[in-house]
Amino acid sequence: MERGDDLQKARKETTRADFEKKYAHLWLIRELDPDERAPSSFNTVAWDSRKTIALGKKLRAQGAAMAARLRVDPGRYGLYPLTKSGANPWADRVLVGRASNNDIVFRHESVSKVHAYFEKGEGGALRLHDAKSANGTRVDAQPIEPGGEGVDVKSGTTLLFGSLACEVIGSGDLFDAL
């Protein structure tokens with residue numbers, strides 16, 4: 001997992017084209033629980049907290065995408081590259097689940113040990129499958145049939161693994177959001 005504020009620093013040191021080249025994959029973005037966030041630093045930064053808090057509340061009330069809220073408070077979000085980690089035995093799948101041998105690990109009580117997986121579909125599209133999870137997987141609020149054909153995802157797609165909300169974001173969109 002990459003932290004939003006760390007990627008924001010990397011973004012400032014490169015161009016959009018170089019960022020997309022370095023991170024030539026999709027990402028999952030999710031809001032971190034308070035205990036997962038970095039502690040506050042001792043560096044003082046001048047900012048108007050009332051404006052930032054008001055903007056964050058407005059964006060959440062409007063149902064704004066996580067990517068749009070990322071700019072307001074990047075340290076609040078974790079980004080997971082949709083790539084192989086080498087931890088699981090299936091070379092053609094990116095596994096998502098609670099167990100440590102998944103490519104993307106979410107330590108959340110509603111996420112199954114092996115909850116879902118991504119694979120390349122026809123034409124190179126990324127396809128999400130529910131791995132017969134206990135609490136289901138949803139794409140843009142629609143449930144995926146467990147063990148079924150799966151659903152194509154792209155940047156901007158919202159996902160629910162059990163009750164854990166994520167959003168798919170492309171590297172170019174991520175660069176713009178940061």
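**Figure 1. The second largest pocket, with S6 in its wall.** Strand S6 supplies the largest share of the lining of the second largest pocket, 3 residues. Keep in mind throughout that this is a predicted model. The pocket holds about 220 Å³ of space. It has 17 lining residues, and the ones closest to its centre are Leu82, Val94, Glu119, Lys120 and Leu126. Sorted by side-chain type, the lining of this pocket comes out as 9 nonpolar, 3 polar and 5 charged residues.

**Figure 2. The largest cavity and the residues around it.** Rolling a probe the size of a water molecule over the atoms shows where empty space is left. In this structure, 1 cavity reaches 30 Å³ or more. The largest cavity encloses about 40 Å³. Its lining is made by Arg30, Asp33, Glu36, Phe106, Arg107, His108 and Leu164. Which kinds of residue make up that lining? There are 4 charged residues, 2 nonpolar ones and 1 polar one.

**Figure 3. Two nonpolar cores.** In soluble globular proteins, nonpolar side chains tend to be buried together. Here the largest nonpolar core has 21 residues, and the ones with the most contacts inside it are Leu28, Phe106, Phe118, Leu128, Leu159 and Phe161. Several strands each supply at least two residues of this core: S4 (94–97), S6 (116–120), S7 (126–130), S11 (158–161) and S12 (164–170). Of these, S12 gives the most, with 3 residues. A second, separate core has 15 residues, including Tyr23, Trp27, Ile29 and Leu178.

**Figure 4. Phe106 and its partner Tyr80.** Phe106 turns up again here, having already appeared in the cavity lining and in the largest core. Beyond its neighbours within four places in sequence, Phe106 is in contact with Leu28, Arg30, Tyr80, Val96, Gly97, Arg98, Val111, Phe161, Leu164 and Cys166. Are Tyr80 and Phe106 buried or exposed? Both Tyr80 and Phe106 are buried.

**Figure 5. Aromatic rings, paired and clustered.** The structure has 5 aromatic pairs. One of them joins Tyr80 and Phe106 edge-to-face, at 4.8 Å centre to centre with 75° between the planes. Tyr80 sits in strand S3 (residues 77–81) and Phe106 in the loop between strand S5 (104–105) and S6, so this pair ties together parts that are 26 residues apart in sequence. Elsewhere, Phe19, Tyr23, Trp27 and Phe175 form one aromatic cluster; two of its members, Tyr23 and Trp27, also belong to the second core.

**Figure 6. Gly97, a buried glycine in S4.** Gly97 lies in strand S4. Why does Gly97 count as buried? Its relative accessibility is 0%, and the cut-off for buried is under 20%. Leaving aside neighbours within four places in sequence, Gly97 is in contact with Asn102, Ile104, Val105, Phe106, Val111, Ser112, Lys113, Val114 and His115. Gly97 and His108 are 11 residues apart in sequence, and their C-alpha atoms are 8.8 Å apart in space. That same His108 is one of the residues lining the largest cavity.

**Figure 7. Glu167, a buried charged residue in S12.** Glu167 is found in strand S12. With 5% relative accessibility, Glu167 counts as buried. Which residues surround Glu167, apart from its neighbours within four places in sequence? Glu167 is in contact with Trp27, Leu28, Ile29, Ala65, Met66, Ala67, Gly156, Thr157 and Thr158. Some of these partners are familiar from the cores: Leu28 from the largest one, and Trp27 and Ile29 from the second.

Notes:
Residues are numbered from 1 along each chain as its sequence is written. This is a predicted model: local features need pLDDT of at least 70, side-chain atom pairs count only at pLDDT 80 or more; totals for chains, interfaces and linings use all residues. Side-chain values use heavy atoms; hydrogens and water are left out. On a 1 Å grid over the protein atoms alone, a cavity is a set of points where a 1.4 Å probe fits but cannot get out, and a pocket is an open set with protein on both sides within 12 Å along at least five of seven lines; lining residues have an atom within 4 Å of a point. Grid points are joined across faces, edges and corners, and a volume is the space filled by probe spheres set on the points. Ala, Val, Leu, Ile, Met, Phe, Trp, Tyr, Cys and Pro count as nonpolar, Asp, Glu, Lys and Arg as charged, and the others, Gly among them, as polar. A nonpolar core is a set of buried Ala, Val, Leu, Ile, Met, Phe, Trp, Tyr and Cys residues joined through side-chain atoms within 4.5 Å. Buried means under 20% relative accessible area, exposed over 50%, partly exposed in between (1.4 Å probe, protein chains only). Helices (H or I, at least four residues) and strands (E, at least two) are DSSP runs, numbered from the N terminus. Contact means heavy atoms within 4.5 Å. Rings of Phe, Tyr and Trp (its six-membered ring) pair if their centres lie within 6.5 Å; planes under 30 degrees apart count as stacked, over 60 as edge-to-face and the rest as tilted.
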